[in-house]
Amino acid sequence: MRTLTRLSSASDTTRTAAPDATAARSSDNILNTDVDSDSAIARQELEGRIKGDGPLARGTEPHKAAATRGAAGSASAHESAVKHVTGRAAYIDDIAAPADTLHLALGLSPVAHGRLTRLDLTAIRALPGVVDVVAFSDVPGHTDIGPVFPGDPLFVEDEISYAGQVLFAVAAESHRAAREAVRAAWAEGLAEIDERPASLDPVTAAERDEFVRPTHVQQSGDWQRSLASAAHVIEGEQFVGGQEHFYLEGQACLVQPTEDEGVVVHTSNQHPSETQKLVAEVLGIPFHAVTVEVRRMGGGFGGKETQASPWACIAALVARRTGRSARLRLPRAEDMRVTGKRHPFHNRYRLGVDQAGVIQGGELTLIGDCGYSPDLSDAIVDRAMFHADNAYSLGEARVTGHRARTHTASNTAFRGFGGPQGMMVIEAAMDDIARCLGEDPLTIRKRNLYRPGRETTHYGQTVEQVALLHHVVERLEADSDYWARRREISAFNATSPVIRKGLALTPVKFGISFTAKHLNQAGALLHVYTDGSVQINHGGTEMGQGLHTKICQVVARELALDLDGVRITATRTDKVPNTSPTAASSGTDLNGMAARDACLSLKARLFDFASEHYALDREGMRLEAGALVAGVGESERRIPWGELVQSAYLGRVSLSEKGFYATPLIHYDRTTGQGRPFYYFAHGAAVAEVSVDTLTGEYQVDRVDILHDVGDSLNPAIDIGQVEGGFIQGMGWLTSEELRWNDSGQLISDGPATYKITTYGDLPAHFNVELLQGHPNSMASIYRSKAVGEPPFMLGISVWAALRDALSSLADYREAPRLDTPATPERVLLAAEALRSRHDDRPTGRGEPG
């Protein structure tokens with residue numbers, strides 16, 4: 001590739017030559033190059049300049065290819081893929097810290113409920129290696145760091161609300177010294193606690209009106225009338241278990257004090273701006289004195305949206321008190337004890353249906369176990385209510401959401417943000433309706449899908465792509481040979497006394513947007529350097545989901561560059577301020593549009609410059625394959641990107657731009673329970689086939705087929721990975737991942753030995769995943785794509801439904817058993833035995849399309 005460095009060297013040798021000779025050589029140079037005359041003129045402007053005085057451009061030749069490589073729409077590799085697999089990707093504990101960095105350990109409450117009557121840490125300060133000890137009285141600013149509503153003290157002052165709540169923190173010269181000091185505090189009896197009975201049952205808490213936030217109701221029509229006039233009334237209840245985030249990189253941060261009384265916080269964190277705010281408030285300093293940086297996380301899944309902030313606040317407190325850097329990272333068991341989980345839910349439903357099994361209306365009640373404080377529970381239970389319909393019209397219905405307070409860690413965001421728990425209630429009802437009427441569950445599901453005349457949700461939003469929803473279900477039904485397999489499975493079950501097979505197809509309709517309207521905004525900062533290379537920064541964070549890759553692809557597409565010409569930088573609060581969390585599946589939707597906005601503004605400025613500088617027609621001007629193109633046919637003129645950039649710089653045109661985006665149209669009125677909380681819906685469907693040993697409860701997933709709607713995919717490779725990973729994580733939530741507390745409220749499933757996430761061996765033997773093609777987003781999202789982070793998670797419900805289907809064969813498909821989640825082998829066995837006790841075990845097989 002030609003560079004200006006080489007051209008400058010050539011001109012140096014002729015600098016003492018006569019003017020005519022110089023002109024001749026310049027003319028020869030123009031004639032011998034393989035760029036057009038406009039590009040050559042841009043080079044000429046640098047002739048005779050002192051070396052280093054002007055910019056150096058890498059892209060001085062037009063691309064020969066018809067299109068750029070790796071831009072949005074192509075299946076490009078993750079921007080850190082090579083670093084991930086070679087171990088060069090730097091996480092928080094990989095960051096080099098000063099030699100005098102302090103290491104922190106936490107003193108945690110051993111009881112779930114009580115009062116802290118004495119805490120004397122004087123003796124701890126004298127232990128070897130200990131530099132500082134901090135507790136509630138040492139906080140100079142705010143002591144409550146509740147993200148939305150108060151209720152989350154940084155340290156316990158008086159009341160203890162869960163086992164694992166932070167009482168104090170020790171800062172020492174080594175991690176070992178800090179942990180030994182914490183153990184010594186308990187051994188010496190430096191803390192005294194008046195233990196009290198703990199409330200651990202959310203249903204009981206709801207009955208006593210013990211809530212972290214008020215109950216909310218959404219209602220459409222006269223639900224009582226619909227129940228009274230219905231041909232059948234179907235009712236039931238279920239327990240939906242929680243889930244541990246189990247990110248590979250635990251909670252971790254490194255805080256460094258700065259010379260201006262501030263701090264720089266390196267943290268594994270999904271919401272840098274919120275952490276900036278909370279650290280500043282805890283320290284009693286302005287927000288601008290705190291800089292938070294996040295390059296990448298080793299997983300997040302929602303567990304680092306609000307619950308990464310306390311550790312940064314504690315480390316920042318120590319850093320400011322001591323003037324030394326402070327590092328805090330939580331061991332796995334400690335991490336699991338002190339942080340919240342996916343909310344467990346207790347769901348109840350009473351639905352009126354007609355003779356065909358079509359829902360006329362009814363009521364659904366959701367009780368979310370929120371733990372001891374609000375955290376994000378208001379919005380999480382709201383989203384569970386929004387998704388209590390999944391893909392089905394509820395008719396005239398009332399949905400009630402309770403936010404129960406219990407003495408456990410404050411439950412928090414997790415992939416799906418309450419949506420999966422809400423969907424479970426209606427999917428259970430679909431199976432129950434089918435068994436009551438003697439129909440196949442898929443038949444009942446299809447009859448109840450949103451459809452013309454029944455396209456309005458119980459909270460007042462219109463489902464705009466009902467035809468697409470039906471298409472996804474019907475195409476997967478055909479492609480997976482659902483009915484042929486149903487007949488085979490029914491025949492198998494009729495002759496198999498022990499092993500029973502199950503089959504289920506479940507759809508997903510998931511709303512995309514933050515339900516808190518103000519969070520639906522994003523910013524970006526674009527820099528173009530004088531060699532033509534591009535740097536983009538935005539407010540989203542990378543936790544392995546490929547957000548940074550997609551943002552780079554957006555910039556590459558807008559500027560018509562190869563992907564390797566665009567570099568992403570760490571998310572920092574001093575580059576893009578006041579950002580929203582990377583959550584709600586909206587990272588690409590928001591930040592991609594902000595990055596595109598920056599590109600569009602910069603392009604307009606460059607086009608205006610080029611029109612005047614090169615005397616080109618502004619109309620129809622475009623960037624294409626690494627060049628600015630003006631005109632068409634014989635009048636077409638091309639200016640390579642590098643030449644355009646250097647000419648703009650010499651012409652004193654700004655090569656930096658900010659971008660901003662706010663999602664339009666969305667609104668929701670909580671006083672009426674009506675509105676349009678989502679910009680659009682993402683759809684999908686999955687078919688799962690399982691085999692169950694009804695004598696032991698053990699089972700395996702034999703086959704899974706998925707068809708998922710991502711609109712026009714920004715990166716099919718990354719999107720398929722998200723679908724696969726989301727499904728497997730959802731399957732784990734519903735089958736193997738069981739959280740257990742003892743009667744005292746202490747978490748006993750606090751490590752991989754007692755908490756079982758899905759592994760490679762749990763993959764279905766046949767796992768077919770396809771992205772729906774040819775159906776762009778009906779809304780003006782980034783290049784008409786759709787979010788893909790959370791919607792595939794709920795495809796895992798198909799496995800749970802297939803387990804119920806297999807067990808139902810024990811009752812001749814006349815009853816769908818109650819199967820709480822996670823559906824462990826123990827629960828499956830108990831459900832099988834309960835069915836056998838109520839039904840003559842003579843499976844005959846049933847379930848033709850109705």
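**View 1. An open sheet of five strands in a predicted model.** In this predicted model, five strands, taken as DSSP runs of E at least two residues long and numbered from the N terminus, form an open sheet in the order β7-β15-β14-β13-β8 with mixed pairing, where two strands pair if DSSP finds at least two bridges between them. β7 (211–220) and β8 (232–240) stand at the edges with a single partner strand each, so one side of each is left without a neighbour in the sheet. From one strand to the next the twist averages 5 degrees, the axes being lines fitted to C-alpha atoms and the angles running from 0 to 180 degrees between N-to-C directions. Within this sheet, β14 (residues 359–369) and β15 (residues 396–404) run parallel and are joined by nine bridges, and Leu366 has Gly401 in β15 as its bridge partner. Residues are numbered from 1 along each chain as its sequence is written. Local features need pLDDT of at least 70 and side-chain atom pairs count only at pLDDT 80 or more, whereas totals for chains, interfaces and linings use all residues, and side-chain values use heavy atoms, with hydrogens and water left out.

**View 2. Strand β18 and the strands that pair with it.** All five residues of β18 (residues 534–538) are buried, so this strand is largely enclosed by the rest of the structure; buried means under 20% relative accessible area with a 1.4 Å probe, protein chains only. Val534, Ile536 and His538 lie on one side, with Gln535 and Asn537 on the other, and both faces are covered. Strand β17 (residues 521–528) runs antiparallel to β18 and is joined to it by five bridges, with Leu526 partnered by Ile536. The two strands form a hairpin with five residues between them, and in the turn Gly532 has a positive phi of about 90 degrees. Strand β19 (residues 566–568) runs parallel to β18, with three bridges joining them, and Gln535 stands opposite Arg567 in β19.

**View 3. Helix α9 and its surroundings.** Helix α9 (residues 272–283), helices being DSSP runs of H or I with at least four residues, reaches 16 Å from its first C-alpha to its last, close to the 16 Å expected at 1.5 Å a residue, a span defined as 1.5 Å times one less than the number of residues. Eleven of its twelve residues are buried, so α9 is largely enclosed by the rest of the structure; among them are Pro272, Glu274, Leu278 and Leu283. What covers these buried residues includes β10 (263–267), β11 (290–294), α10 (309–322) and β20 (571–572), contact meaning heavy atoms within 4.5 Å. Just after α9, Gly284 takes a positive phi of about 70 degrees.

Notes:
Buried means under 20% relative accessible area, exposed over 50%, partly exposed in between (1.4 Å probe, protein chains only).
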